[in-house]
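Colleague: I am new to this structure and should be grateful for a close look at one helix in it. Please then place that helix within the wider picture and indicate where caution is required.

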Amino acid sequence: MHDALLIANRGEIACRVLRTAHRLGIRTVAVFEAADAGAPHVAGADAAVGIGSYLDVEAIVAAAVAAGADALHPGYGFLSERPALARACAEAGVTWVGPSADVIELLGDKVRATAAAEAAGVAVVPGSALHAVDAYPVIVKAAAGGGGRGMRVVRAPDELEAAVAAARREARAAFGSDAVFLERYVARARHVEVQVLGDAHGAVLHLGVRDCSLQRRHQKVIEEAPSLVPTALAEEAVALARSVGYVNAGTVEFLVDTETGEHFFLEMNTRLQVEHPVTELVTRLDLVELQLRVAAGEPLPLSQDDVVLRGHAVEARVTAEDPVTGLPAAGRVLAYRRPAGVRVDDWIGPGTTVGTAYDSLLAKVVVHAADRPAALARLDRALAGTAVLGVPTNLGRLRGLLALEDMRADRLDTGLVERAPAPEPPADAAVVARAAAGVRLRLAAGAAGDDPFERTDGWRLGGARGRSWWRFAVDGGEAIEVELEATPPEVEASSGGRDHTNSTPGLGAAGVPGASTGELRVDGRPWSFAVDGDDVWLGTEGWAWRAHEPTAEEAAGAGAGGDLRAPMPGQVLLVHAAAGDVVAAGQPIVVLESMKMELSLTAPADGVVAEVGVAVGDRVALDQVVARMEASAGEAGHADERSEAT
């Protein structure tokens with residue numbers, strides 16, 4: 001085995017690789033950009049080296065050599081599928097934990113990979129040349145990458161030019177190549193994939209089929225194993241891997257037409273997948289350990305007959321996301337409760353700052369049970385017991401997906417998430433505002449102590465206790481006035497931990513100066529809370545809300561009218577208009593990029609651009625005014641989403 005392993009990644013996958021390496025007694029080395037100096041993967045490694053960028057091949061290999069690492073694990077994303085890093089490792093004498101650079105190069109080019117799959121006897125999606133499209137809808141794809149980046153669905157000829165331009169732009173930024181191609185778009189399809197393993201001694205096997213059909217903007221949301229799709233796909237995946245001399249872990253992805261039953265090759269990912277934990281739970285194998293052993297030259301310790309799938313596993317991706325728009329979100333984690341008794345792969349804790357420079361994935365909640373219904377029920381309970389306060393997340397939406405009849409009946413396809421109605425939260429804005437008032441009242445009483453002259457709970461000398469009035473705007477809505485009796489609700493002390501499997505869940509609060517956190521019951525309902533300045537974050541049953549006490553200026557409605565505001569923090573990618581330009585409703589004004597998503601802010605109505613306050617390359621905050629429009633008072637800009645993700 002290896003003596004020392006450098007992990008060329010960050011976040012939950014870096015923490016995941018660290019766990020296995022430490023269990024095997026391998027010394028670990030982390031790399032980090034300046035923003036990640038205090039990140040969990042840095043603290044958890046035996047050594048850490050600062051680098052300018054996670055995309056700097058030379059710096060990463062130099063860090064491995066300087067730290068004495070004889071192996072490098074790329075994780076997923078970043079440089080994990082760049083042949084340049086694999087070649088640089090070979091030149092430096094550092095073992096690359098993955099397939100050869102030549103195989104990465106072959107399979108990383110979607111056009112060449114499709115040809116290789118076809119030659120191996122795998123069915124492929126009929127494709128089209130860019131200038132010979134004869135039927136719609138089609139999908140534009142980046143030739144050098146995947147994961148939803150550089151991907152656009154085109155439903156009519158007049159959409160093709162703009163879609164190709166946007167796909168090329170994203171592909172160039174993500175993969176260093178703007179090559180794209182078109183293929184038939186299968187509207188109702190399941191997305192399934194086969195985990196394969198190969199060693200340097202000629203053995204290739206599969207670990208079953210996963211279902212990854214629940215997606216939003218081509219980003220997987222919930223994954224499970226085993227899939228109920230026929231496993232004949234697995235043999236095709238093995239045939240492809242064997243035909244290209246594949247060594248280490250990889251994943252072959254397929255589309256299955258739900259109407260015809262036809263299946264088509266999509267791509268082969270030459271790395272570990274985000275959803276690998278569901279395969280680990282049903283096979284009881286550690287995929288990272290197998291990766292490390294194969295990279296060290298060992299033969300696979302099992303044959304195909306040894307692979308037995310037990311029970312059912314489901315994984316939910318918890319992301320930083322606005323619960324209403326679904327757009328990426330950012331902020332500081334004020335409090336975090338991990339669910340009890342299940343697997344949680346995460347990288348956050350109280351005090352973690354979630355920015356827009358990286359992927360929005362915060363945690364993966366993964367469960368295992370005897371069968372699929374039991375696994376879905378267990379995952380729902382785990383999500384209900386999870387709390388993230390300070391950063392908006394998709395936890396409530398995940399629970400809504402699990403409640404869908406089509407989900408429970410396994411009637412899945414890649415468009416189900418987009419068609420699904422928005423789930424109903426367990427509390428409305430008025431209830432949340434009342435809970436926020438209860439928090440304020442209880443904390444004020446606790447801060448005042450027993451001195452009646454310092455109390456702020458309505459006590460008056462020589463008279464009965466009065467009442468308390470509060471005003472809260474919940475998640476940016478209209479301010480709600482709340483009147484509470486002066487007797488404060490009971491608040492429980494908070495606690496927390498960062499164990500991999502947390503058997504004693506609590507609301508972690510350490511490391512957040514100025515924030516107050518805890519638990520309370522209001523009107524019989526249990527709540528978690530975190531208070532930071534004018535904001536009271538509240539959570540219950542997996543859902544969370546931000547209750548904000550408006551300032552006088554905010555209450556007066558300053559800054560409304562014809563402003564175009566950033567619906568997410570990010571970076572300005574394009575500016576399409578200048579002050580004085582006459583624009584039509586729906587015309588793009590500014591394009592933002594954040595967490596691998598591109599978003600176009602468009603004119604709300606016909607009018608004139610009064611001011612553009614940003615330039616290409618500028619970073620913007622949530623709700624920041626990026627442009628002002630005339631003749632559009634009282635209306636806000638709307639966003640035309642353009643998909644993409646990992």
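Modeller: In this predicted model, Gly-68 follows directly after helix H3 and takes a positive phi of about 75°. At the N-terminal end of H3, Asp-56 acts as a cap, with a side-chain oxygen placed 3.2 Å from the backbone nitrogen of Glu-58.

Between these two ends, helix H3 comprises residues 57-67, and its buried residues are Val-57, Ile-60, Val-61, Ala-63, Ala-64 and Ala-67. These buried residues lie on the same side of H3, because they cover an arc of only 155° around the axis. An α-helix has 3.6 residues a turn, so residues three or four places apart point the same way. The other side of H3 carries Glu-58 and Ala-66, which are exposed. The partners of the buried residues of H3 are four strands and a helix: strand S1 (4-7), strand S2 (27-32), strand S3 (47-50), strand S4 (71-73) and helix H4 (83-92).

Beyond this helix, an open sheet is built from eight strands in the order S14-S13-S10-S11-S12-S15-S20-S18, with antiparallel pairing. Its edges are strand S14 (263-269) and strand S18 (343-346); each has a single partner strand, so one side of each lacks a neighbour in the sheet. On average, and with direction ignored, neighbouring strands of this sheet are turned by 25° against each other. Helix H1 (residues 11-23) packs on the sheet and touches S18 and S20, its direction making about 120° with that of S18.

Within that order, strand S11 (residues 204-216) has 13 of its 13 residues buried, so S11 is largely enclosed by the rest of the structure. With strand S10 (residues 189-198), S11 forms an antiparallel pair over six bridges, in which Gly-198 stands opposite Val-204. The hairpin of S10 and S11 has five residues between the strands, and Gly-202 there takes a positive phi near 95°. S11 also pairs with strand S12 (residues 219-225), again in the antiparallel sense, over four bridges; here Gln-215 is opposite Lys-220. Two residues separate the strands of the S11 and S12 hairpin, where Arg-217 has a positive phi near 55°.

Further along the sheet, strand S15 (residues 312-319) and strand S20 (residues 361-369) form an antiparallel pair over eight bridges, and His-312 has Ala-369 in S20 as its bridge partner.

A loop residue also meets this region. Thr-414 belongs to the loop between helix H13 (405-408) and helix H14 (416-419), and is buried, with a relative accessible area of 18%. Among the residues that Thr-414 touches are His-191, Ser-213 and Gln-215.

A further open sheet has four strands in the order S29-S36-S34-S31, paired in the antiparallel sense. Strand S29 (563-565) and strand S31 (582-583) are at its edges, each with a single partner strand, so one side of each is left without a neighbour in the sheet. Strand S34 (residues 607-612) and strand S36 (residues 625-630) are joined over four bridges, and Val-608 has Glu-630 in S36 as its bridge partner.

As to confidence, the protein has a mean pLDDT of 86, and 86% of its residues reach 70 or more. Over residues 557-561, however, pLDDT stays under 50, and the model has nine contacts for them beyond four places in sequence. Residues 632-646 are likewise below 50, with 64 contacts in the model beyond near neighbours in sequence. Where pLDDT is low, the predicted coordinates should not be read in detail.

Conventions: Residues are numbered from 1 along each chain as its sequence is written. This is a predicted model: local features need pLDDT of at least 70, side-chain atom pairs count only at pLDDT 80 or more; totals for chains, interfaces and linings use all residues. Side-chain values use heavy atoms; hydrogens and water are left out. Buried means under 20% relative accessible area, exposed over 50%, partly exposed in between (1.4 Å probe, protein chains only). The arc is that of the directions from the helix axis to the C-beta atoms. Contact means heavy atoms within 4.5 Å. A polar contact is a pair of N or O atoms within 3.5 Å; within protein, one must be able to donate a hydrogen and the other to accept it, and residues adjacent in sequence count only if both atoms are side-chain atoms. Two strands pair if DSSP finds at least two bridges between them. pLDDT is the predictor's confidence in each residue, from 0 to 100. Axes are lines fitted to C-alpha atoms, for helices over the stretch in contact, and angles run from 0 to 180 degrees between N-to-C directions.
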